[in-house]
Amino acid sequence: MSKLYMTGQKRLSGDVQLQGAKNSALPLLAATVLAQGESVLYNCPQLSDTEASLRILRWLGCGAERCDGVVIVKNDGIARHDIPDSFMRQTRGSVLFLGAVLAKQGRVRLSLPGGCEIGQRPIDMHLKALRRLGAVIKERHGWLDCRAPHGLKGADIALPFPSVGATEEVLLAACTAEGVTTLTNAAREPEISDLADYLNRCGACIRGAGESVIRIEGVRALRSCAHAVIPDRIVAATLIACAAVTGSSITVKGVIHSHLSAVLPVFEDAGCTFSAKENELHMTAPARLHSMKIVRTMPYPGFPTDAQSPLLAAAAVADGTTVLIENIFENRYRHVAELTRMGADIKTEGKFAVIDGVPQLYGAAVEATDLRGAAALVVAGLCAEGKTELDGVKYLDRGYEHFEQVLTSLGADIKRI
Ligand code: UD1
């Protein structure tokens with residue numbers, strides 16, 4: 001079991017290339033099930049979550065190989081319609097194989113997905129939407145047996161909440177269904193648009209991705225294509241938090257600025273300055289951050305829940321009080337107890353966290369229990385006085401590619417042992 005060891009208070013400088021987005025790569029990998037031939041995904045991050053998806057693809061009968069950031073999926077037909085529980089538990093993104101395999105094979109049997117325990121994370125919206133498309137789904141003992149006895153048929157679907165996963169599930173299931181599907185109250189995250197771009201390039205007919213209403217005209221079949229995964233806006237936000245707490249100046253390359261439109265103003269309120277040039281973002285942090293007042297997480301284009309944890313760690317050392325309101329997941333403050341060990345002054349109650357910034361955190365032995373919580377503890381460790389020992393690094397590896405190497409290249413003192 002590896003741990004990360006950090007000695008804090010090193011100033012960061014230099015530039016860093018942003019990795020591809022985990023939350024795009026996972027639905028894209030599931031989508032390759034639908035595309036006959038050889039799909040090439042560039043900028044596909046090497047993470048435990050993406051490797052878990054590659055294992056599922058191989059199990060289903062595809063060739064799935066990685067050469068650095070390029071993943072090639074050879075799909076000459078899917079051999080099976082079942083996915084073992086051990087594979088499903090490895091990543092939350094596995095739930096998207098439900099819609100993809102169902103659409104391709106007319107049948108799928110799999111267990112409920114794993115992923116970080118940041119809330120209950122039900123999949124009722126996914127199942128309801130698939131049933132609207134004609135799926136017959138039996139749920140028993142944690143397993144789902146789904147069939148489309150008469151094929152999937154386009155339908156009008158209204159989501160009660162703009163769920164990212166449910167929106168992606170509908171795109172995957174409906175793009176080869178018979179007829180037109182209209183999805184209202186769809187999630188608008190950039191990762192949805194990236195999935196739609198890939199599917200359209202494969203021959204699908206999806207209009208309106210990135211907006212609340214998406215229209216999907218079913219086509220008979222998809223053929224493979226080459227596609228570059230969009231950059232990871234959450235990793236960008238995490239790097240910004242790392243630089244913000246260490247009073248640093250860094251440049252993040254390969255950024256899509258519009259994807260950070262809710263994140264940058266919050267760090268600007270805290271005293272950071274940003275300058276944008278093409279796909280580069282240069283930032284300079286003040287010697288000490290100001291508090292961020294009130295920040296609410298919301299579906300895109302609001303402030304992303306995934307960036308809330310690193311932001312909370314930054315607020316812990318800001319001058320003044322910050323209030324965070326977590327509106328998406330009900331259990332996203334699990335790392336607060338660990339930050340408290342480091343000297344943070346944070347109180348939580350339900351969706352609220354009140355953070356009274358302290359002048360200084362102190363290194364401690366801490367343990368991560370989810371992906372973004374792990375990132376928050378790295379942010380804290382980088383600015384703390386003394387040594388921090390971070391356990392639970394496997395959570396970080398779900399979403400951050402070679403993160404300690406990236407931070408070392410910027411001048412941080414961080415090692416994996
Ligand atoms: C995705 C992201 C995750 C991000 C989240 C919100 C991936 C692999 N993960 O997760 O990093 O934090 O979007 O931006 O892309 N819900 C239900 N029933 C459902 C589906 C969702 O009640 O059927 C609830 C969830 O419990 C949660 C809210 O809806 O409270 C939003 O979830 P959703 O947008 O679906 O998140 P994920 O797709 O799981």
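## Around the ligand

Seventeen is a good number to start with: of the 17 residues around the ligand, Asp 124, Met 125, Ser 163, Asp 306 and Ile 328 come nearest. Keep in mind as you explore that this is a predicted model. By class, the shell around the ligand is made up of seven nonpolar, five polar and five charged residues.

Where does the ligand sit? Its place is in the largest pocket. The elements that each give two or more residues to the shell are α5 (124-132), α6 (164-174) and α10 (305-315). Helix α5 provides the largest share, three residues.

## Polar atoms beside the ligand

Now zoom in on the oxygen atoms of the ligand. Which residue places a backbone N or O atom 2.8 Å from one of them? That residue is Met 125, which is also among the residues that come nearest to the ligand. Side chains take part as well: a polar side-chain atom of Asn 23 lies 3.0 Å from an oxygen atom of the ligand, and an N or O atom in the side chain of Arg 121 is 3.2 Å from an oxygen atom of the ligand.

How much of the ligand does the protein bury? Taken alone, the ligand exposes 740 Å², and the protein buries 88% of that.

## Helix α1 and the loop after it

Asn 23, which we have just met beside the ligand, has a number that falls within helix α1, residues 22-31. This helix is mostly covered, with nine of its 10 residues buried. The buried ones are Lys 22, Ser 24, Ala 25, Leu 26, Pro 27, Leu 28, Leu 29, Ala 30 and Ala 31.

Move a little further along the chain and you reach Val 33, in the loop between α1 and β3 (35-42). Is Val 33 buried or exposed? Val 33 counts as buried because its relative accessibility is 0%, and the cut-off for buried is under 20%. For a sense of scale, pick out Phe 161: its C-alpha atom is separated from that of Val 33 by 27 Å, and the two residues are 128 residues apart along the chain.

## Residues brought together

Some pairs that are well separated in sequence have C-alpha atoms just a few ångströms apart. Take Met 88, found in helix α3 (residues 85-88). From C-alpha to C-alpha, Met 88 and Pro 113 are 5.0 Å apart in space, although 25 residues apart in sequence. Met 88 counts as buried because its relative accessibility is 0%.

Leu 144, in strand β9, gives you another pair to look for. Its partner is Leu 110, which is 34 residues away in sequence, with 5.4 Å between the two C-alpha atoms. Leu 144 is buried too, because its relative accessible area is 2%.

A side-chain pair is worth finding as well. Thr 251 lies in strand β16 (residues 249-253), and a polar contact of 2.8 Å joins its side chain to that of His 282. At 13% relative accessibility, Thr 251 counts as buried.

## Backbone details in the loops

Loops are a good place to look at backbone angles. Which two residues does a cis peptide bond join? They are Tyr 300 and Pro 301, with omega at about 15 degrees. Pro 301 is found in the loop between β19 (294-296) and α10, and α10 is one of the elements that give two or more residues to the shell around the ligand.

Next, compare two histidines. His 141 has phi near 50 degrees, a positive value in a residue other than glycine. Look for His 141 in the loop between β8 (136-140) and β9 (143-147). His 141 is exposed because its relative accessible area is 78%, and exposed means over 50%. His 402 also has a positive phi, near 45 degrees, and is found in the loop between α13 (393-396) and α14 (403-409). At 39% relative accessibility, His 402 counts as partly exposed.

## An exposed loop residue

Finish with Ala 287, in the loop between β18 (280-284) and β19. With a relative accessible area of 82%, Ala 287 is exposed. Its C-alpha atom is separated by 25 Å from that of Lys 347, and the two residues are 60 residues apart along the chain.

Technical notes:
Residues are numbered from 1 along each chain as its sequence is written. This is a predicted model: local features need pLDDT of at least 70, side-chain atom pairs count only at pLDDT 80 or more; totals for chains, interfaces and linings use all residues. Side-chain values use heavy atoms; hydrogens and water are left out. A residue is near a molecule or strand if one of its heavy atoms lies within 4 Å of it. A polar contact is a pair of N or O atoms within 3.5 Å; within protein, one must be able to donate a hydrogen and the other to accept it, and residues adjacent in sequence count only if both atoms are side-chain atoms. Accessible areas come from the Shrake-Rupley method with a 1.4 Å probe; for residues, only the protein chains shown count as cover. On a 1 Å grid over the protein atoms alone, a cavity is a set of points where a 1.4 Å probe fits but cannot get out, and a pocket is an open set with protein on both sides within 12 Å along at least five of seven lines; lining residues have an atom within 4 Å of a point. A molecule sits in a cavity or pocket if more than half of its atoms lie within 2 Å of its grid points. Helices (H or I, at least four residues) and strands (E, at least two) are DSSP runs, numbered from the N terminus. Ala, Val, Leu, Ile, Met, Phe, Trp, Tyr, Cys and Pro count as nonpolar, Asp, Glu, Lys and Arg as charged, and the others, Gly among them, as polar. Buried means under 20% relative accessible area, exposed over 50%, partly exposed in between (1.4 Å probe, protein chains only).
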